[in-house]
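Please read the following with the sequence and the model side by side. The text goes through salt bridges, then the sheet, then the helix that packs on the sheet.

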Amino acid sequence: MHLTGAINRSVNSPVGVAMSTKFSEDIVPLTDLKTNPGRVVKHVSDAHRPVLLTSRGRGVAVVQSLADYEKTEEERTFMRAVVEGLADLEAGREVSLAAARKRLGLK
């Protein structure tokens, strides 16, 4: 199982620092997840990397900590809004700050 080495390396990493996914190190067979689910959950929480679950050598699912998932979703939502805003600017769909305030009922 590759998880033990990944856990040992993650202990020396600063908490809260997002790391790149290292599927070469973060691969866990489903049978190992069934045997010790707490170890997998601790790993994804400590390492801030998802774990790839495999069955018969093929990837079937990804386990990620809830905090990391929520952060990723917030970032994705923000980036989509930025892209939409830039597209609106390029298409000439813009309003002044005063017009936006009036439309939203703000002073």
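A salt bridge here is a side-chain nitrogen of Lys or Arg within 4 Å of a carboxyl oxygen of Asp or Glu. The side chains of Lys-42 and Asp-46 meet this definition, with N and O 2.5 Å apart. The model in which they are found is a predicted one. Both residues belong to helix α3, where they are four residues apart, about one turn of the helix. An α-helix has 3.6 residues a turn, so residues three or four places apart point the same way. Asp-46 is partly exposed, its relative accessible area being 32%.

The whole structure holds four salt bridges. Another of them joins Glu-73 to Arg-76, again with 2.5 Å between the closest N and O atoms. This pair lies in helix α4, residues 66–90, and its members are three residues apart, about one turn of the helix. Glu-73 is partly exposed at 26% relative accessible area, and Arg-76 is partly exposed at 38%.

What does the salt bridge of Arg-49 link? Its partner is Asp-26, and the closest N and O atoms are 2.6 Å apart. The pair links distant parts of the chain, 23 residues apart: Asp-26 sits in the loop between α1 (3–11) and β1, Arg-49 in the loop between α3 (37–47) and β2. Are these two residues buried or exposed? Buried means under 20% relative accessible area. Arg-49 counts as buried because its relative accessibility is 3%, and Asp-26 is buried because its relative accessible area is 0%.

The loops of Asp-26 and Arg-49 come before β1 and β2 respectively, and these strands lead to the sheet. Three strands form an open sheet in the order β1-β2-β3, with mixed pairing. Strands β1 and β3 are the edges, each pairing on one side only. Averaged over neighbouring strands and ignoring direction, the turn of one strand against the next is 35°.

The mixed pairing can be followed from β2. Strand β1, residues 27–29, pairs with β2 in the parallel sense over three bridges. On the other side, β2 and β3 (residues 58–63) run antiparallel and are joined by five bridges. Thr-54 of β2 shows both neighbours: Pro-29 stands opposite Thr-54, and in β3 the bridge partner of Thr-54 is Gly-59. Strand β2, residues 51–55, is mostly covered, with four of its five residues buried. In a regular strand the side chains alternate between the two faces of the sheet.

Between β2 and β3 the chain makes a hairpin with two residues between the strands, and Arg-56 in this hairpin has a positive phi near 55°.

Helix α3 packs on the sheet and touches β1, β2 and β3; the direction of α3 makes about 145° with that of β2. Which residues of α3 are buried? They are Val-40, His-43, Val-44 and Ala-47. These four are on the same side of α3 because they cover an arc of only 90° around the axis. After α3 comes His-48, where phi is positive, near 55°. Arg-49, with its salt bridge to Asp-26, lies in the loop that runs from α3 to β2.

Technical notes:
Residues numbered from 1 in each chain as written. Predicted model: local features only at pLDDT ≥ 70, side-chain atom pairs only at ≥ 80, totals over all residues. Heavy atoms only, no water. Buried < 20%, exposed > 50% of the residue type's maximum accessible area, 1.4 Å probe, protein only. Pairing = 2+ DSSP bridges. Arc of directions from axis to C-beta. Axes fitted to C-alpha atoms, helices over the stretch in contact; angles between N-to-C directions. Contact = heavy atoms within 4.5 Å.
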